Amino acid sequence: MAVVGGGNSAGQAAVFLAETAERVHLIVREESLDKNMSRYLVDRIARTPNIGVHTGTNLSGAAGDDVLRSVTVTRDGEAAKESLPATALFVFIGADPNTEWLAGAVGLDDKGFVCTGEPTFGPDSFGRDSGNGRRPFLLETDRPGVFAVGDVRRGATRRVASAVGDGAMAVRFVHEL
Ligand SMILES: Cc1cc2nc3c(=O)[nH]c(=O)nc-3n(C[C@H](O)[C@H](O)[C@H](O)COP(=O)(O)OP(=O)(O)OC[C@H]3O[C@@H](n4cnc5c(N)ncnc54)[C@H](O)[C@@H]3O)c2cc1C
């Protein structure tokens, strides 16, 4: 099996898959797992003999017949390609917020995450003054009374507990409006 990515999601997937797969190839663009992965996962991967870590490497192809049979990787600075046997490929290279439909309705940052809390409204934030005479709540967008919670928020912690906590807080803020 092959896993692409150098963050915690990729690391967790590699460790999980290694429990049943004969071999897991972890394909990482960075030169070191330490760049984006938590130390506990780096250590676990190092202790897992059937995970092969390919740092400084990009996925450049996939081949197969009815099913996937191999993936091709290219190492930084090398023209040669290497084929790695793989019957499954898992891609963990980040996620884009699905907020195109919100553009113009609430303020988004340059990556599409919803801006919440200060400074979201008021004359210094998006160049318009809500004029409602109060500071925004922590999870409030630049449209007064509209809240955003969870991963879609700019600067979100991106954990289940914080997404759930955001939701609970937003309900409280709504009651304070
Ligand atoms: C591989 C992976 C591993 C993770 N591991 C952990 C972990 O170990 N511990 C931890 O705490 N967190 C972990 N996380 C993060 C955690 O999953 C998120 O922080 C959490 O799910 C965020 O919840 P959310 O409700 O904000 O977003 P999501 O869980 O992403 O839910 C958003 C929902 O909205 C739906 N949606 C999107 N657009 C629309 C639309 N236009 N109309 C209707 N529905 C729409 C989506 O389909 C999705 O169901 C992990 C994430 C990933 C990807």
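## Antiparallel sheet

Three strands, in the order E4-E5-E6, make an open sheet of 3 strands with antiparallel pairing. Strands here are DSSP runs of E with at least two residues, helices are runs of H or I with at least four residues, and both are numbered from the N terminus. Two strands count as paired if DSSP finds at least two bridges between them. E4 and strand E6 (81–85) are the edges of this sheet; each has a single partner strand, so one side of each is left without a neighbour in the sheet. From one strand to the next, the twist averages 30°; axes are lines fitted to C-alpha atoms, for helices over the stretch in contact, and angles between N-to-C directions run from 0 to 180 degrees.

Strand E4 (residues 57–64) pairs with strand E5 (residues 68–75) in the antiparallel sense over 7 bridges. The two form a hairpin, with 3 residues between E4 and E5. Thr 57 has Arg 75 in E5 as its bridge partner, and Gly 64 stands opposite Leu 68 in E5.

## Basis of the model

The model is predicted: local features need pLDDT of at least 70, side-chain atom pairs count only at pLDDT 80 or more, and totals for chains, interfaces and linings use all residues. Residues are numbered from 1 along each chain as its sequence is written, and side-chain values use heavy atoms, with hydrogens and water left out.

## Parallel sheet

A further open sheet is formed by 4 strands in the order E3-E2-E1-E7, and its pairing is parallel. Its edge strands are strand E3 (51–54) and strand E7 (89–91), each of which pairs on one side only. The twist in this sheet averages 20° from one strand to the next.

Strand E1 (residues 2–4) pairs with E7 in the parallel sense over 3 bridges. Within this pairing, Leu 89 in E7 is the bridge partner of Ala 2.

## Loop between E7 and H3

Thr 141 is in the loop between E7 and H3. Thr 141 counts as buried because its relative accessibility is 1%; buried means under 20% relative accessible area, exposed over 50%, and partly exposed in between, with a 1.4 Å probe and protein chains only. The side chain of Thr 141 reaches the backbone nitrogen of Arg 143 at 3.1 Å.

Gly 155 also has its place in the loop between E7 and helix H3 (160–176). Gly 155 counts as exposed because its relative accessibility is 70%. From C-alpha to C-alpha, Gly 155 and Met 169 are 16 Å apart in space, with a sequence separation of 14 residues.

## Ligand surroundings

The residues around the ligand (one heavy atom within 4 Å of it) are Ser 9, Gln 12, Phe 92, Asn 98, Trp 101, Gly 150, Asp 151, Arg 158, Arg 159, Val 160 and Ala 163. By class, this shell has 4 nonpolar, 4 polar and 3 charged residues. Helix H1 (8–18) and H3 each supply at least two residues of the shell.

Oxygen atoms of the ligand face both side-chain and backbone atoms. An oxygen atom of the ligand is 2.8 Å from an N or O atom in the side chain of Asp 151. For polar backbone atoms, the distance from a ligand oxygen atom is 3.2 Å at Arg 159 and 2.8 Å at Val 160. Taken alone, the ligand exposes 1000 Å², and the protein buries 37% of that; areas come from the Shrake-Rupley method with a 1.4 Å probe.

Notes:
Polar contact = N/O pair within 3.5 Å; in protein donor to acceptor, adjacent residues only side chain to side chain. Nonpolar A, V, L, I, M, F, W, Y, C, P; charged D, E, K, R; others polar.
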